[in-house]
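Q: I would like to learn how to read helices, salt bridges and disulfides in a model. Please take them one at a time.

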Amino acid sequence: MLSDHFKENAMLKWWVAPFSGLVLAALPADRAVLAGPAEDCARIAASPFEAGYESHPQRIIDLQRAIAVCEAAHSAAPGDGAIVAWLGRAYLEAFNDRAAVASLQKAAAANHAIGTALYAIFLLDSRHLEADPSRAVSMLRPLAEAGLAPAQHGLGRAYDFGYGVGPDPQRAAKYYGLAADQGYSRAQAALSSLYELGLGIEQDHGQALRWARKAASQNDPYGIWQLAWLYENGLGTEPDRVEATRLYQRGADLGDPLALNQLGHIYAEGMGTNIDEVRAITLFSRAAAAGEPLAIANLGQMYLLGKGVAVDPEYAAELLLKAAELGEPTAMVSLGHLHAIGEGVSLDYAEALRWTRKAADLGEPLAWNNLGNHYEKGLGVPRDLALARQWYQRALDAGIELARRGLEDVTILENTSR
């Protein structure tokens, strides 16, 4: 599942060259008492936001056991919507999104409220199935209005990112807040991010820190990541890279792909620690295996630069293409650059321009610089020094110092052409 702002908008990027008739009750009236495998599955994996299970922790304590027990229960009762909802929850917490989608889709078809809410969040925007944000919002809204915290979080997410509705930061903050006040850790983490960025709510790093701590205290990996980010950047607290690294490690221990990627970045760059490229490769590989696009891109950069591994531009290009196709703009920039110089891929200015433009359209500043280079030199496009200057200036304004040299070169070309 895609993360919130703290995952989607605040990520460190480096080396860049988830019906009507739904009910909130956990069980139908004629199944008030569970027995056998179903009871075992409920005991370990039911959500605290279901009637009858309020004392359960939000984070499943023993994920592997929960998955095994609920898989056995599902085999014994394949048509039981509650069981597949609980199984989907367990897969979700284990970061097995593909398996989670398959289970939660069955739970939604059986009108299980928690399963429906979690499945609808995938439908908002997910690389694991064809997104249908309008349908997702129609599934989430009645559950959110009935007070179901996971659905309130999902509807907040829809308004936050404009999935199926017009972007509305104030409504996003409202629904995140409703879920956060019920103790829903994912919404607490998202609300922290809104306070951090001042989106739909007055910017307040102290409140961002408070809500991140609430989410992290429930062992929520997204809350842990957000809290680490705040410590790393000194937002609401003094900068503390040691504490940030400890928190990223805690998230990585839970299997969070982004935390694994961030740790890889820390060890690859030696940020507050000794450079350990072999460890970085291991961390990037684990995150990439879980499907994290940024980790796939970073792993590609390791192979491209020969950091911790032998240089392998062809394999690097394969990894960068995979990440680019998953929508990672940094990979698009790198892939465009490789096509522009013919390293690991064919020399193809048209393909270089295509990937560079995709990244530029996603707001990647280095892509703006590279577009300046295309127009300056006429690579895949007619030379246009005015457009080159515009793109270089945009990149420089965004902090890409490399663009300064591009602007100087354009000035020289303009003067010599007079």
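The dialogue below takes up one helix, then salt bridges, then the disulfide.

Q: What kind of model is this, and how are residues numbered?
A: This is a predicted model, in which local features need pLDDT of at least 70, side-chain atom pairs count only at pLDDT 80 or more, and totals for chains, interfaces and linings use all residues. Residues are numbered from 1 along each chain as its sequence is written, and side-chain values use heavy atoms, with hydrogens and water left out.

Q: How far apart should the ends of helix H13 be?
A: Helices are DSSP runs of H or I, at least four residues, numbered from the N terminus. The expected span is 1.5 Å times one less than the number of residues. Helix H13 covers residues 241-253, so its 13 residues should span 18 Å, and the end C-alpha atoms are indeed 18 Å apart.

Q: Which residues of H13 are buried, and how are they arranged around the axis?
A: Buried means under 20% relative accessible area, exposed over 50%, and partly exposed in between (1.4 Å probe, protein chains only). The buried residues in H13 are Ala244, Thr245, Leu247, Tyr248, Gly251 and Ala252. They fall within an arc of 160° seen down the axis, so they line one face of H13. The arc is taken from the directions from the helix axis to the C-beta atoms. On the face turned away from this buried side, H13 carries the exposed residues Val242 and Asp253.

Q: What do the buried residues of H13 pack against?
A: They pack against helix H12 (221-233), helix H14 (257-269) and helix H15 (277-289). Contact here means heavy atoms within 4.5 Å.

Q: What is found at the ends of H13?
A: At the N-terminal end, Asp240 acts as a cap, with a side-chain oxygen 3.3 Å from the backbone nitrogen of Val242. Just after H13, Gly255 has a positive phi of about 95°.

Q: How many salt bridges does the structure hold?
A: Side chains of opposite charge can pair when their charged atoms come close. A salt bridge is counted when a side-chain nitrogen of Lys or Arg lies within 4 Å of a carboxyl oxygen of Asp or Glu. The structure holds twelve. One of them pairs Arg241 with Glu232, the closest N and O atoms being 3.5 Å apart. Arg241 is partly exposed, at 31% relative accessible area, whereas Glu232 counts as buried at 11%.

Q: Where do Arg354 and Glu351 lie?
A: An α-helix has 3.6 residues a turn, so residues three or four places apart point the same way. Arg354 and Glu351 both lie in helix H19 (residues 349-361), three residues apart, about one turn of the helix. Salt bridges with shared partners also join Glu39, Asp40 and Arg43 into one network. In that network, Arg43 bridges to Asp40 with the closest N and O atoms 3.1 Å apart. The side chains of Arg354 and Glu351 meet in a salt bridge of 2.8 Å, N to O.

Q: Which cysteines does the disulfide join?
A: A disulfide is a covalent bond between the sulfur atoms of two cysteines. The search takes pairs of cysteine sulfur atoms within 2.5 Å, and over the whole structure it finds one disulfide. This disulfide joins Cys41 to Cys70, S to S 2.1 Å. The pair links distant parts of the chain, with Cys41 in helix H2 and Cys70 in helix H3 (residues 63-76), 29 residues apart. The link of Cys41 and Cys70 is right-handed, with 100° about the S-S bond. Both Cys41 and Cys70 are buried.

Note on methods:
Helices (H or I, at least four residues) and strands (E, at least two) are DSSP runs, numbered from the N terminus. A polar contact is a pair of N or O atoms within 3.5 Å; within protein, one must be able to donate a hydrogen and the other to accept it, and residues adjacent in sequence count only if both atoms are side-chain atoms.
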